[in-house]
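Biologist: I have the model open and would like a close look at a single part, the largest pocket. Please take me through what lines it and where it sits.

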Amino acid sequence: MDAPLSGEKRHVTTPSGPWHPTAVGPNPPLEGRDLKHRRIPKRRVAIAGAGIAALVATGITLQSANAAPGETQPDTLSVGAAGKLAHTLTSSLKSDTAGAYYDAKTKKLVVNVVNKGIVDKVRDAGAEVKVVKHTLAELSKARQTLKEKATIPGTSWSVDPRSNKVVVTADSSVKGARMATLDKVADALGDKVEVKRSAGKFSTFIAGGDAIWGDGGRCSLGFNVVKGGQPYFLTAGHCTEAISSWSDSQGGEEIGTNEGSDFPGNDYGLVKYTKDTDHPSAVDLYNGSTQAISKAGDATVGQKVTRSGSTTQVHDGEVTGLNATVNYQEGTVEGLIQTTVCAEPGDSGGALFAGDTALGLTSGGSGDCSSGGETFFQPVPEALQAFGAEIG
């Protein structure tokens, strides 16, 4: 692994294995596990209102700021209530705000502002306030510059509301002239950008909640959905780009065929059931129980989430970024959810959820469930809209 490069930018190396999509080649059946009747994607989905998602999607994470003595203390809120409040504040205050996030520890909404004159108004509404330097427009412009001048395989970027910066991650394959180019572009953007290093390599992970098999690989089922009154399921687009016919066991009878696929650019695929197969709207928790899924929702920075996949089963983590861009070797995917939840090859397509809410489909990342790493997920609401489907 290359040592962090010197220079103005601070490079932080994160312990992680290969950065890859979560797809795998042919694997032996999972030992001691009957997957035939468990096509249930697992996810706990925390409801974050469209307002909070929109704020964070622009790249800003909010840090908590305590009110001074005598000032109104912010209310404790559920994720859903925080989302509604964020939407209300963003709509009324517009460009004076610069993103928002949910502090799960204190159960409070934190709102970034660039105009000190609205601090009291935000606090009176029930949120904490963080006065920041960079507007959403400035951070969005920095992202556009990175896209135009530094779209290099093995890199990713997203807006971090907590630091009020665009955080760029370069994996171990980015070195020499390519790393010099990335540093030059980042340096020119000043303190709006922070560059980090990942010890592994970014790649897609073919796999998911319950295992689904096709010629040449295994993925994971994400969520069961309904389209036109007929049953389908969602999985990762890099899975459906590689495999067209699916079974619930290696070499088994077909249960579904591809209806639609989008990768790169996005990372979602739709499979239509071709066999009379149970298709509950639930996620397999791999402990003999399932999590019912009743709706799809937007993720929120700071939200606690759960992922289910056929390789590593169930793991928890936190959302660290929204609207993330990842430059895989196969191409660039935009608009992803970034998290600390671990994943490994075969987990691709699997469910990311919070409670009964579907949030994402496992796309890719670096590392594994021993060393950790970063992971990225395709938002479910976007996939449902693209295919005209609904959770069910």
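Modeller: Gladly; here is a tour of that pocket, from its space to its lining and its place among the domains.
Bear in mind that this is a predicted model, in which local features need pLDDT of at least 70 and side-chain atom pairs count only at pLDDT 80 or more, while totals for chains, interfaces and linings use all residues. Residues are numbered from 1 along each chain as its sequence is written, and side-chain values use heavy atoms, with hydrogens and water left out.

The largest pocket holds about 300 Å³ of space. A pocket here is an open set of points on a 1 Å grid over the protein atoms alone, where a 1.4 Å probe fits, with protein on both sides within 12 Å along at least five of seven lines; lining residues have an atom within 4 Å of a point. Around the largest pocket there are 15 such residues, and Val-167, Lys-196, Thr-320, Gln-338 and Glu-374 are those nearest its centre.

Several strands (DSSP runs of E, at least two residues, numbered from the N terminus) build this wall. At least two lining residues each come from β7 (155-160), β8 (165-170), β9 (193-198), β22 (313-328) and β23 (331-339). Of these, β7 gives the largest share, three residues.

In character, the lining has nine polar, four charged and two nonpolar residues. Asp, Glu, Lys and Arg count as charged, Ala, Val, Leu, Ile, Met, Phe, Trp, Tyr, Cys and Pro as nonpolar, and the others, Gly among them, as polar.

As for its place, the pocket lies between domain 2 (136-197) and domain 3 (198-391), because both give residues to its lining. Those bounds come from an automatic or database domain assignment.

Key: Points joined across faces, edges and corners; volume = space filled by probe spheres on them. Helix = DSSP H or I, 4+ residues; strand = E, 2+ residues; numbered from the N terminus.
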